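Student: Could you take me through one part of this protein in close detail? I would like to follow how some of its helices pack, and then look at a few individual residues around them.

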Amino acid sequence: MGFSHIPVLFQETIASLQVKPDGIYVDGTAGGGGHSEAICQRLETGRLLAIDQDPDAVQAAGERLARFPAAQVVRGNFANMGELARERGITAADGVLLDIGVSSHQLDAAERGFSYHLDAPLDMRMSQTGPSARDLVNSLPEGELAGIIRRYGEDKSAGRIARGICAARAQEPLETTAQLAEVIKASVPAAVRRAEGHPARRTFQALRIAVNGELDCLEKGLEAALELLRPGGRLAVITFHSLEDRMVKQAMARWCQGCTCPPDFPVCVCGKKPKGRLVYKKGLAPSEEETAGNPRARSARLRVFQRGED
């Protein structure tokens, strides 16, 4: 299967996990299996649980990891990694990896409907199940559409775009990515059309996040990963836009926070202790060399948290 994906910050991520030969690891976003393969190459008696919700990814990763007895590939959402791990006898992990967002394969496969550059049916479903982007743009009220575009796309033209979509769908349903991209382009001011980047970029991002419930899954997945980590274990998360990165940054900062009693309290009464520490204070960004070779890496950031002693 031609499942292509270029892992970003690859060497830095694998090094950050400090893979132990006898360790237990969870790759919550297996994709094509690149990260999982690198982990398996460092294992001897350890185990790897590779999870992905995309059936194409599960097949591709399964084929790639078939030669590693340590690897087990399952279909599911990383938000449920705790349950998926327990069902397979894993109650604690030495490392968890999350590579958030859409994969290169999903963007480049026109039929998946993720890209505004490629004309295809409006889909955007990572799991290939449930309501699609077509369903959202043709059924949601204007206010809800604007809210999604504003919240998840951080687009100042959200109101104009939502009005344009509703006007267009009143004439005929929006069925393809090209149709939607043209409606968005026609809905925004000329200055926005002349700005750097396609005016549909933020709306497509917003719809993808909404279709897949990405931020809700990320919130649940972070907490599931924290619960699964054993003392000394590490969580490595790669993000690709500000909404994801902000959530990861805030969650890890919260985990690192200790006592929250007012400064004038003579002794701590809250009993809160840090759950661990940040491995990189501000996270890691790709090198200039990497972004030159893979422009999609530009916005990526790697954040790593190490669980402390309970």
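Tutor: Happy to: what follows is a walk through the helix packing, and then through a handful of single residues. Please keep in mind that this is a predicted model.

Let's start with helix 9, which spans residues 177–187. Its buried residues are Thr-177, Leu-180, Ala-181, Val-183, Ile-184 and Ser-187. They span an arc of only 160° around the axis, so they sit on the same side of helix 9. On the face turned away from that buried side you will find Glu-182 and Ala-186, which are exposed. And what lies over the buried residues? The cover includes helix 6 (133–139), helix 8 (158–171) and helix 11 (201–212).

Helix 8 deserves a closer look among these. The axes of helix 8 and helix 9 come within 8 Å and cross at roughly 125°. That angle makes helix 8 oblique to helix 9, and the crossing is right-handed. From helix 8, the residues involved are Arg-160, Ile-161, Gly-164, Ile-165 and Ala-168, and they meet Leu-180, Val-183, Ile-184 and Ser-187 of helix 9. Sorted by class, this contact has six nonpolar, two polar and one charged residues. Leu-180, Val-183, Ile-184 and Ser-187 also belong to the buried set of helix 9, which ties the packing back to the buried side.

Helix 8 has another partner in helix 7 (residues 142–153), and here the angle is about 135°, with the axes 8 Å apart. Helix 7 is therefore oblique to helix 8, and it passes helix 8 in a right-handed crossing. Helix 7 contributes Glu-142, Leu-145, Ala-146, Ile-149 and Arg-150 to the contact, while helix 8 brings Ala-158, Gly-159, Ile-161, Ala-162, Arg-163, Ile-165, Cys-166 and Arg-169. The class count for this contact is eight nonpolar, one polar and four charged residues. Two residues of helix 8 are worth marking in your viewer: Ile-161 and Ile-165 take part in the contact with helix 7, and both take part in the contact with helix 9 as well.

Now on to helix 11, which is part of the cover over helix 9. Helix 11 holds Arg-208. With a relative accessible area of 10%, Arg-208 is buried, because the cut-off for that is under 20%. Apart from neighbours within four places in sequence, Arg-208 is in contact with Gly-101, Val-102, Phe-114, Met-124, Met-126, Glu-214, His-241 and Glu-244.

One of those contacts, Met-124, has a feature of its own. Met-124 lies in the loop between helix 5 and helix 6, and its phi is near 75°, a positive value in a residue other than glycine. Met-124 is also buried, with a relative accessible area of 0%. The loop between helix 5 (104–108) and helix 6 contains Ser-132 too. Ser-132 is buried at a relative accessible area of 8%. Not counting residues up to four places away in sequence, Ser-132 touches Leu-122, Asp-123, Arg-125 and Val-211.

Glu-214 and Glu-244, both in contact with Arg-208, lead us to another helix pair. Helix 12 (residues 214–228) and helix 13 (residues 242–256) pack at an angle of about 30°, with their axes 11 Å apart. They are therefore roughly parallel to each other, and their crossing is right-handed. On the helix 12 side, Glu-214, Leu-215, Leu-218, Glu-219, Leu-222, Glu-223 and Leu-226 meet Leu-243, Glu-244, Met-247, Val-248, Ala-251, Arg-254 and Trp-255 of helix 13. Those residues divide into nine nonpolar, no polar and five charged.

The last stop is Phe-305, in strand 7 (residues 301–307). Phe-305 counts as buried, at 0% relative accessibility. Setting aside neighbours within four places in sequence, its contacts include Leu-226 and Trp-255, which also appear in the contact between helix 12 and helix 13. Others are Leu-229, Gly-233, Arg-234, Leu-235, Met-252, Cys-256, Lys-275, Gly-276, Arg-277 and Val-279. Phe-305 and Lys-20 are 285 residues apart in sequence, with 17 Å between them in space, C-alpha to C-alpha.

Key
Residues are numbered from 1 along each chain as its sequence is written. This is a predicted model: local features need pLDDT of at least 70, side-chain atom pairs count only at pLDDT 80 or more; totals for chains, interfaces and linings use all residues. Side-chain values use heavy atoms; hydrogens and water are left out. Axes are lines fitted to C-alpha atoms, for helices over the stretch in contact, and angles run from 0 to 180 degrees between N-to-C directions. Helices (H or I, at least four residues) and strands (E, at least two) are DSSP runs, numbered from the N terminus. Angles under 35 degrees count as roughly parallel, over 145 as roughly antiparallel, 65 to 115 as roughly perpendicular and the rest as oblique. A crossing is left-handed if the near helix is turned anticlockwise from the far one by less than a right angle, and right-handed if clockwise. Contact means heavy atoms within 4.5 Å. Ala, Val, Leu, Ile, Met, Phe, Trp, Tyr, Cys and Pro count as nonpolar, Asp, Glu, Lys and Arg as charged, and the others, Gly among them, as polar. Buried means under 20% relative accessible area, exposed over 50%, partly exposed in between (1.4 Å probe, protein chains only). The arc is that of the directions from the helix axis to the C-beta atoms.
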